[in-house]
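User: Can you walk me through this one? I'd like to start with a term, then get to the residues.

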Amino acid sequence: QVQLVESGGGLVQPGGSLRLSCAASGSIFSINTMGWYRRAPGKERELVATITSVGYTNYADSVKGRFTISRDNAKNTVYLQMNSLKPEDTAVYYCNVEQLQGSKRYNYWGQGTQVTVSS
C-alpha cells in the first residue's frame, strides 16, 4: 500500500502564504494524477488542484492565480503553494494520489492538514 505524509499546514493571516507538501511512500509502482482537496466545516470536500504525470494542471476557479500545484516525480512528492490566502481558504487539506498497478486503479488519501486563515 501507499502511505501519504502531509506537512506545511498552519495558521496564517489573510494575504499570507503557505506551502503544503505530500510525500508518497510504500509500494510505489506508477503514480498518475496527484492532487489536493479540501473540506471546510459544514461543506463537502472539493477539488483544489490536480497535476498529471506530464505536468498538466487543473485548478478550482476559487484558487486560480493564487495557488500553484507542482510535483517532483523523483521524490514522489506533490506540493501546493498557496499565496494571497483568504479566510475562505480555511479548511482541512487532503492529498490524493492515483496509482496504476496492472490494469487496476488505486486512490490513496492523506490524513489531512489544517490550514487556518484568520487575523
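Analyst: Sure, the term first: buried means under 20% relative accessible area, exposed means over 50%, and partly exposed is in between, with a 1.4 Å probe and protein chains only. Those areas come from the Shrake-Rupley method with a 1.4 Å probe, and for residues only the protein chains shown count as cover. This is a predicted model, so local features need pLDDT of at least 70 and side-chain atom pairs count only at pLDDT 80 or more, while totals for chains, interfaces and linings use all residues. Residues are numbered from 1 along each chain as its sequence is written, and side-chain values use heavy atoms, with hydrogens and water left out.

User: Ok, Thr 113 then: buried or exposed?

Analyst: Thr 113 has 12% relative accessibility, so it counts as buried. It sits in strand S11; strands are DSSP runs of E, at least two residues, and helices are runs of H or I, at least four, all numbered from the N terminus.

User: What is Thr 113 in contact with, leaving aside neighbours within four places?

Analyst: Glu 6, Gly 9, Leu 20, Ala 91, Val 92 and Tyr 93. Contact here means heavy atoms within 4.5 Å.

User: And Leu 4, where is that?

Analyst: In strand S1. Its relative accessibility is 11%, so Leu 4 is buried. Beyond four places in sequence, Leu 4 touches residues including Cys 22, Cys 95, Tyr 108 and Trp 109.

User: How many disulfides does a search of the whole structure find?

Analyst: One, where a disulfide is a pair of cysteine sulfur atoms within 2.5 Å. Cys 22 and Cys 95 form it, with their sulfurs 2.1 Å apart. The pair ties strand S3 to strand S9, 73 residues apart.

User: Which hand is that disulfide?

Analyst: Left-handed, because the torsion about the S-S bond is about -85°. Both Cys 22 and Cys 95 are buried.

User: Switching topic: which residues have the most contacts inside the largest nonpolar core?

Analyst: Trp 36, Leu 80, Met 82 and Tyr 93, in a core of 30 residues. Strands giving two or more residues to this core include S1, S3, S4 and S9. By nonpolar core I mean buried Ala, Val, Leu, Ile, Met, Phe, Trp, Tyr and Cys residues joined through side-chain atoms within 4.5 Å.

User: What does Leu 80 touch?

Analyst: Not counting residues up to four places away, Leu 80 touches ten listed residues' worth of neighbours, among them Leu 20, Trp 36, Val 48, Phe 67, Ile 69 and Tyr 93. Ile 69 is also a partner in pairing: its bridge partner in S8 is Leu 80.

User: How many bridges join S7 to S8?

Analyst: Six, and the strands run antiparallel; two strands pair if DSSP finds at least two bridges between them. S7 and S8 form a hairpin with four residues between them, and Asn 76 in the turn has a positive phi of about 50°.

User: Which residues make up the covered face of S7?

Analyst: Phe 67, Ile 69 and Arg 71, while Thr 68, Ser 70 and Asp 72 make up the uncovered one. In a regular strand the side chains alternate between the two faces of the sheet.

User: Last bit, how many helices and strands overall?

Analyst: Zero helices and eleven strands. Buried residues are 39% of the 119.
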